[in-house]
Structures are given as structure tokens and as C-alpha cells.
Amino acid sequence: MSSQRKGEQAHGGPGVLGGGPPGRVGVVPKVRPKNSKATILRIWSYLNRQRTGLIMVYVFTILNAVLALIGPYLLGKAIDTAILPQDYSLLVRFCLLLGGIYLLGSAVSWVQAYVMTSVSQRTVYELRRDLFAKYQELPVSFFDTHANGELMSRATNDIDNVSNSLNQSVTQLLNSLITLSGSLVIMLMLNVPLTGVALVTIPLVVLASRRITGLSRIYFKDQQQHLGELNGFIEEAVSGQKVIKQYRREQAEVTRFRGISGELNQASIKAQIVSGLVGPVMNLINNLNFALIAGIGGWMAYHELVTVGVIVSMLNYAKQFGRPISDLANQYNLIQSAIAGAERVFEVMDMSSEYSGEQPQDLERIRGEVVFRDVVFGYKPGAPILNGVSFTAQPGETIALVGPTGAGKTTIVNLLTRFYEVSGGEVLIDGRDIRELGKNELRRQLGMVLQDAHVFSGTIRENIRFGRLEATDREVEEAANLANVSGFIARMPQGYDTLLGTDGTTLSHGQRQLLTIARAILADPAILILDEATSSVDTRTEMHIQQAMRTLMKGRTSFVIAHRLSTIQDADRILVIQGGQIAEQGSHSQLLALQGIYAELYNSQFKQAFEAG
Ligand SMILES: Nc1ncnc2c1ncn2[C@@H]1O[C@H](COP(=O)(O)OP(=O)(O)OP(=O)(O)O)[C@@H](O)[C@H]1O
């Protein structure tokens, strides 16, 4: 197991104050955005694409806030003009009017929430789509330096944070603004001294919410950190199940889990307790305010300075006035974590695509001559892996790459596919520097069958067709025939339509290998890269694979990376890579006669095989 659990870097922003749930496992480590203004403007540009919906949201939000402001005013009027003078017919009319207003308010707020949800979901859909499209364009080196879990977390949790915030904040902010200013204006119109009384507790509300927000932010961050650790632990324990079982470490893992989970538990309790304080504290302040207005208002009514109706209206407005302030405090946290999430998303979107600046070219089918000329390369500056590698592969030749582990065999083919760019020298295909060819065009001419034969969720047919999307069913089946794979497909319950992947059939390693050979046959590339293709299968499957490989390699320039030298004896040329250079090259018999590194490697493998049986 690696010393650092993968998910450790993926943890989230603070939850929402007032008992809101923290983000799901693996959200964002940095909660504070770096450049909030630019990020907000950018989210805005996405949001603004749904302009009609957004305008509807504004209209309904304003209507909703205005309706909420009318209620308390009418209530006060009803007391003063209908209840106290005992005008019951007027009272009935007031009741009907108030009922209508509250009913309309509910309907408006439902429509507003409905439209806002579709606006924010559409925005989030576009954001996620653009991010995924970017993932497809980024160079392989980007994925070397970013953990899978972290990239998944950007596409899910970070964008969820944006979605949650959009859903609530856009309408809440506008609503709070109108409610605050509207309540204040009406309160001032109703009674200036009582408005002063209502405002006395506002500093308390601001102070208390700021204090609790600040504290709970720290605890939520702590909680998310522990959540990230737990996430990483579970991820490793699940993917490493075979090793855990084989070494009988189940109990030990459970004990470790208990420790990490316990810490999360403690952190969550603290976060919830602190954030849970908001409601009771705000209630206390509001009640204090209520008592103050009622007490002072009562005294004023006794001295005929104010009517009872005005006191009732003031009590209601004071309640409405306090709510947006604590709402704004809640929104602050939510918005902060949404901006931080959006920043992580935009950070990836701003990375340059590996295709940028390339003009689409229509490359004719190449002959397949490959020349490496004094190629120098290192994954990191100052740490060269290849140091002056030169060789030529004629069209149709099979070149085997051998050498000790870590010598640079895979690196050589990584340069041919332009997964990485050479730092010195050049690679030529049919006499043209591959940097002049578009990556798309270049890769169209290359086929790969890798050790880790990758199949996607989908049917067998779809998996083979991955090699050439426009291929007909017949061509797919022909490729399967040539790859020696049609026999096992015929034995599958649904044949070519058998589902593979999480919800479908699981294939053996050899079967997957054969499928990827069929895929490469269908793609019909001029140059082939075969990496350790038969290293972990039984002899019978290996025979099948070897046969399929021979079919595949016919007429194509092929590069075969193999550890077992027995599989590459027929290669036209064998390159022995050592110390970042080609230490020896020639045919199998030439290299044996040379009595050098290859001969030594071959003899030791031969001896091992002989001793083994
Ligand atoms: N993406 C990468 N980033 C940094 N270093 C890398 C990367 N890939 C490989 N290396 C390093 O480059 C060196 C050559 O690796 P390479 O995979 O080419 O060796 P190889 O000859 O194919 O080995 P093996 O036979 O074990 O597959 C190794 O030291 C390896 O640690």
C-alpha cells in the first residue's frame, strides 16, 4: 500500500452553518477562494446563458419578497380598523385578502424554486460537461500528477458545491436585500422610535452570527479533513482486498478504520454542536427583541403614542428583519465553498489542451518507417531517462525492446505516441518529424495493445468498435475472428451484445487481451505497440494471443516490449535498452553470438524456465 492514502488530498469545504450537511466525501481542501471576483464573474457567465430563466427567477423573487412585506402591514391595519372597532365584515375581507396573499406567496415561491433549480442544474450540467471535455484534452503528464480521486472530486463534489450555492444563494441574496430594505422603510413609516428599538439588537445578531460562523468554519474544515482521510482509507482497503485477505489483515484494517472513523466522529460532533448554536442564539436574540418592542410598544400604546396594530406590524417586521441577517451569514459559508470549488474546476479548464495550436491535417496512410535520432528525454528536468537513443525501423519490421525493469522501454513508445515530447533529438515517421504531425492524425496511425488491457462498460461489440466507430457489425465480427476471439464470444449468453463492466460479465485477463487485439485489428493502424501483452496468461491462451498478434502484426511496423525473451525471438531486430541508451541491437541469433547483455539475460531466463520444469 502506498504511504499516502489516495483520498487524503480530497476533502471538502465547510458545511453550511445552521446544521447544513457538509460536502460529500472527498471535496475541497482549500476553502478560501483565491480570486473570488474573477470566479464569481465566470460562474455568472455560465449562469447568464439561461437568461430567460434567470429573469423569471428575479421577477418571482421580488414578487415573493414584496408579498411577504405586505402581510404584517395588513395584519396591523386589520387590528386597528376592523378588530378593535369590531367591524366584522371588514375583518372577513382582511382575512380573505391576507389568506390570498399568503397563498399567492406560497405559489410564487414554489415557481421561483422550480425555475431556479432548472437554471442552476442547467448551469452545473454545462460546467461539468466542459470540465469532462477538458479532461479528454489534457496531456498524459497531467494525469501523472493528479490522483484519480481528486479529479473525480472536481467533477462531482466541487461542482455540487457550486450547484448547492446557486440553488440557494442567488434567490436568497436578492430576497434578503429586498426584505431588509423593505422592512426598514415600512418600519420607519410606521413608527420611528419603535424602529430604533427593533434595531438595537442588530449588532448582537451580526456579532453572534459572525462568531459562530467563524468557529464552525474551523470545525467543518477539520471534519472534512477527517472525512478525506476516511475516504482514502476505504478506497485503499477496497482496492487492496486481495492483498488484505492474503495476508489476513482484515481485523487490523477494521481496527485502523475504527481509529480514523472515531476521529471523524469527534470532529463531526464538534462541528454540529457549534453550527447548531446558530438557531437557538438567533431565537434568543429575536425573542429579546420581541420582548423589547412589545414592552416599549405597550408602554407607548398606554400613553397613546402608537396603536396596537402598529405594534403587531412592528413585531412581525422585526422578525423579518433579523432573518435575512442570519441568512446572509449562512450564505457566506456556502458561497465561499462554492467559489473555492469553482476555482478548482476553472483551474483545470484553463490548462492548455494537448491539441492547442494544432491544425487538423489529413494525413494519408503512412508507410510506417520510424526513426529515432539522438533522442534525449526525462520526465522531470535534470533526471534524464533516455540519453541519445537512435534506431530505424523499416516499414513492416518487428522491433523488440528489451532490458531491465525501469530501463526506458515504455518511455520510448510513450515518445512515439507523443504522450510526452522529446527534450532533445527527433522522432521521424516516414521522414517527417512527429511534432509536425497533429497528435490526432499521428495517433490514428498507431495501435496499442497494452499489458493492462482496458475494457469499458458496454457490450463486447461496443468494446471492439472502440477501435473504429464507423465500422459495420460485419467488420467488427471479422476483426473478432482474426483475433481468435469469436469462439469465446459465441459461448457468451448474449454473444456480441453481452454487457461488460460493473453491471455485466467480468472477463479473464486473456479474454480482455484478445478483445483489445480485435479492437486494434479493426483500427487497422500502420504502426503497432504491444506492451507485455502475454505476461500473465496461461500457455493455451498465450498461444491464442500469439497467433492473434501475428495476424495483427502482419504488414505493420511493430514495437514489442517483452520481458519473456522467448516471445520475441522472431523479431527482425531486438534493441537492448540499458542506462538510457541502446546497449546492443541485432537479431536474436546475432545478439546471442555477441555474448553480451542480451545473451546473459536470455541464458538466465532459459535456465530459470528449465529449472522450473
Ligand atoms: N510518468 C512518469 N513520471 C515520472 N517518471 C516516470 C514515469 N514513467 C516512468 N518513469 C520513470 O522512468 C523510468 C523508465 O520507466 P519505463 O516505464 O520506461 O521503464 P520500462 O523499461 O518500461 O520498465 P518495465 O520493464 O518495468 O516496464 C523509470 O525509472 C520510471 O520510474
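In this short talk I will go through the domains, the annotated membrane spans, the two sheets and the cores of this structure.

Please keep in mind throughout that what we are looking at is a predicted model. The protein is divided into domain 1, covering 32-189, domain 2, covering 192-305, and domain 3, covering 370-612. If we take the centres over C-alpha atoms, domain 1 and domain 2 are separated by 23 Å.

Let me begin with the annotated spans. An unreviewed UniProt entry carries the annotation "transmembrane region" for residues 55-76, 88-111 and 184-208. In the model, residues 55-76 are 100% helix and 0% strand, with 33 Å between the end C-alpha atoms. Residues 184-208, for their part, are 92% helix and 0% strand, and there the end C-alpha atoms lie 21 Å apart.

Moving along the chain, we come to the loop between α11 (308-349) and β1 (370-377), and Ser352 is found in that loop. Is Ser352 buried or exposed? Ser352 has 10 other C-beta atoms within 10 Å, and because a residue with 12 or fewer counts as exposed, Ser352 is exposed.

Now to the sheets, starting with the one that contains β1. Four strands, in the order β2-β1-β4-β5, make an open sheet with antiparallel pairing, and its edge strands, β2 (386-393) and β5 (432-433), each pair on one side only. Between β1 and β2, which run antiparallel, there are 6 bridges, and Val370 stands opposite Ala393 in β2. Lying across β1, β2 and β4 (424-429) is helix α12, residues 409-416, which runs at about 115 degrees to β1.

The other sheet is also open, with 6 strands in the order β6-β9-β10-β3-β11-β12 and mixed pairing. Why do β6 and β12 each have one side without a neighbour in the sheet? β6 (446-449) and β12 (581-586) stand at the edges and have a single partner strand each, so one side of each is left free of a neighbour there. From one strand to the next, the twist averages 20 degrees.

Within this sheet, β3 (residues 398-402) and β11 (residues 573-578) run parallel and are joined by 4 bridges, with Ile574 in β11 as the bridge partner of Ala400. On the way to the edge, β11 and β12 run antiparallel and are joined by 5 bridges, and here Ile577 stands opposite Ile582 in β12. These two strands form a hairpin with 2 residues between them, and Gly579, in the turn, has a positive phi of about 60 degrees. Towards β6, helix α17 lies across β6 and β9 (527-531), running at about 175 degrees to β6.

That brings me to the cores. Which residues touch the most other members of the largest nonpolar core? This core has 68 residues, and the ones in question are Ala400, Leu401, Ala483, Ile517 and Ala518. Helix α17, residues 509-523, gives the largest share of the core, 7 residues. Apart from this core lies another, of 21 residues, including Leu47, Val57, Phe60 and Val162.

Finally, a closer look at Leu401: setting aside its neighbours within four places in sequence, Leu401 is in contact with Lys409, Ile412, Phe559, Ile561, Leu575 and Ile577. As for Ile517 and the exposed Ser352, these two residues are 165 residues apart in sequence, and their C-alpha atoms are 32 Å apart in space.

Methods. Residues are numbered from 1 along each chain as its sequence is written. This is a predicted model: local features need pLDDT of at least 70, side-chain atom pairs count only at pLDDT 80 or more; totals for chains, interfaces and linings use all residues. A nonpolar core is a set of buried Ala, Val, Leu, Ile, Met, Phe, Trp, Tyr and Cys residues joined through C-beta atoms within 7 Å. A residue is buried if 20 or more other C-beta atoms lie within 10 Å of its own, exposed if 12 or fewer, and partly exposed in between; C-beta atoms are placed from the backbone. Two residues are in contact if their C-beta atoms, placed from the backbone, lie within 7 Å. UniProt positions are given in the numbering used here, feature names are shortened, and annotations may be inferred rather than shown by experiment. Two strands pair if DSSP finds at least two bridges between them. Axes are lines fitted to C-alpha atoms, for helices over the stretch in contact, and angles run from 0 to 180 degrees between N-to-C directions. Domain bounds come from an automatic or database domain assignment.
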